[in-house]
Amino acid sequence: FSCIAVSFSGGAGINDTKTATYIVSNVASEGQFTDIQTAIDSITGSVGKIHIKNGTYTITSPIRINKQFTIIEGEGAGTRINFDGATVPYAFVLNESVQTANIVIRDMRIVSTTAGTGIAINGTLMTASIFDNLWILDVNKGFFFNLSGTHYNIVEDTRIDVEGANSVGVLLDSIANENTLQRLRISTTIDSTGVFINSHGN
């Protein structure tokens, strides 16, 4: 499901072949970094790709994306991001409340270790971004898109398992418009909603 060249209508897009790559591995000898956040913070050019090798990475605070034109990719289901949704509200979120374009998150598993809690990806104020080939498990919400300016995003080829009170696979709220969902598998419980749309144009 991964894309080699990523482009967005109306945006500059990202070309993987011209992107500096930063390797993260939980085996120090196999990468430049062992910590995902440190790798993201080390991006110095206008475009950066964080490649996370297979393994389990447990985070104790949200992974914060601090600039546009950032690709964060794993190697498939073998790349697992664990977070305790009871104490860590999101696995991924923007670092600042400023509209940020051209983010790619793909090819990894994101798991809440306390079932029914936490949000895998808070995409608020992300725009023209792609979320592809993800396995999102045991969370309260898979994706949360909120506020005007959160638009032209694509979520595709992704499995989302949610549970717990008021759980939602994908929540589009408060004028988060012109977003596209395609080829999703969302598993819910009796207290859950697959897709909740409280905005227009999605």
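Trainee: Which strand is Asp138 in?
Mentor: Asp138 sits in strand β14. Bear in mind that this is a predicted model.

Trainee: Okay, and what's its phi?
Mentor: Asp138 has a positive phi of about 65°, although it is not a glycine.

Trainee: Is Asp138 buried, partly exposed or exposed?
Mentor: Asp138 counts as partly exposed, because its relative accessibility is 29% and that class runs between 20% and 50%.

Trainee: What about Asp157, what's the phi there?
Mentor: Asp157 isn't a glycine either, and its phi is positive, near 50°. You'll find Asp157 in strand β16, residues 154-162.

Trainee: And is Asp157 buried or exposed?
Mentor: Asp157 comes out at 11% relative accessibility, so it counts as buried.

Trainee: Back to β14. Where does that strand run, and which residue should I look at there?
Mentor: β14 covers residues 130-139, and Asn133 is in it. Asn133 is buried, with a relative accessible area of 9%.

Trainee: How far is Asn133 from Ile105 in space?
Mentor: They are 8.7 Å apart, C-alpha to C-alpha, with their positions 28 residues apart in sequence.

Trainee: What share of the contacts in the chain is long-range like that?
Mentor: Take the contacts between residues at least 6 apart in sequence: 69% of them join residues at least 24 apart.

Trainee: Let's zoom out. How many helices and strands are there?
Mentor: The chain has 1 helix and 19 strands.

Trainee: What fraction of the chain is buried?
Mentor: Buried residues make up 53% of the 202 residues.

Trainee: And the exposed surface, how much is there and what share comes from carbon and sulfur?
Mentor: The chain exposes about 8,600 Å², and carbon and sulfur atoms supply 48% of that.

Trainee: New topic: strand pairing. How does β9 pair with β12?
Mentor: β9 (residues 90-94) and β12 (residues 119-122) pair in the parallel sense, over 2 bridges. Phe92 has Ile121 of β12 as its bridge partner.

Trainee: What does β12 do with β15, then?
Mentor: β12 and β15 (residues 141-145) run parallel, joined by 3 bridges. Ile121 turns up again here, standing opposite Phe143 in β15.

Trainee: Which residues does Leu171 touch, leaving out its neighbours within four places in sequence?
Mentor: Leu171 is in contact with Lys141, Phe143, Phe144, Phe145 and Phe196. Leu171 itself lies in strand β17, residues 167-173.

Trainee: How far is it from Leu171 to Lys141?
Mentor: Their C-alphas are 7.5 Å apart, while in sequence the two residues are 30 apart.

Trainee: Is Leu171 buried or exposed?
Mentor: Leu171 is buried, with a relative accessible area of 9%.

Trainee: Now β4. How many of its residues are buried?
Mentor: β4 spans residues 48-52, and 5 of its 5 residues are buried.

Trainee: Which of them point which way?
Mentor: Gly48, Ile50 and Ile52 point one way from β4, while Lys49 and His51 point the other way. The lysine and the histidine are buried as well.

Trainee: How is β4 joined to β3?
Mentor: β3 (residues 20-24) and β4 run parallel, with 5 bridges joining them. One residue pair to click on is Thr21 with its bridge partner Lys49 in β4.

Trainee: What's going on at Thr44, where does it lie?
Mentor: Thr44 is in the loop between α1 and β4. Thr44 is exposed, with a relative accessible area of 70%.

Trainee: Which residues does Thr44 contact, beyond four places in sequence?
Mentor: Thr44 contacts Tyr22 and Lys67. As for Ala20, Thr44 is 24 residues from it in sequence and 9.1 Å away in space, C-alpha to C-alpha.

Trainee: Last one: how much space is in the largest pocket?
Mentor: About 160 Å³. Its lining includes Thr34, Asp35, Tyr57, Ser61 and Pro62.

Trainee: Which elements supply at least two lining residues each?
Mentor: α1 (36-41) and β5 (55-59) do. β5 gives the largest share, 3 residues.

Trainee: And what's the mix by class?
Mentor: The lining has 5 nonpolar, 5 polar and 1 charged residues.

Technical notes. Residues are numbered from 1 along each chain as its sequence is written. This is a predicted model: local features need pLDDT of at least 70, side-chain atom pairs count only at pLDDT 80 or more; totals for chains, interfaces and linings use all residues. Side-chain values use heavy atoms; hydrogens and water are left out. On a 1 Å grid over the protein atoms alone, a cavity is a set of points where a 1.4 Å probe fits but cannot get out, and a pocket is an open set with protein on both sides within 12 Å along at least five of seven lines; lining residues have an atom within 4 Å of a point. Grid points are joined across faces, edges and corners, and a volume is the space filled by probe spheres set on the points. Helices (H or I, at least four residues) and strands (E, at least two) are DSSP runs, numbered from the N terminus. Ala, Val, Leu, Ile, Met, Phe, Trp, Tyr, Cys and Pro count as nonpolar, Asp, Glu, Lys and Arg as charged, and the others, Gly among them, as polar. Buried means under 20% relative accessible area, exposed over 50%, partly exposed in between (1.4 Å probe, protein chains only). Contact means heavy atoms within 4.5 Å. Accessible areas come from the Shrake-Rupley method with a 1.4 Å probe; for residues, only the protein chains shown count as cover. Two strands pair if DSSP finds at least two bridges between them.
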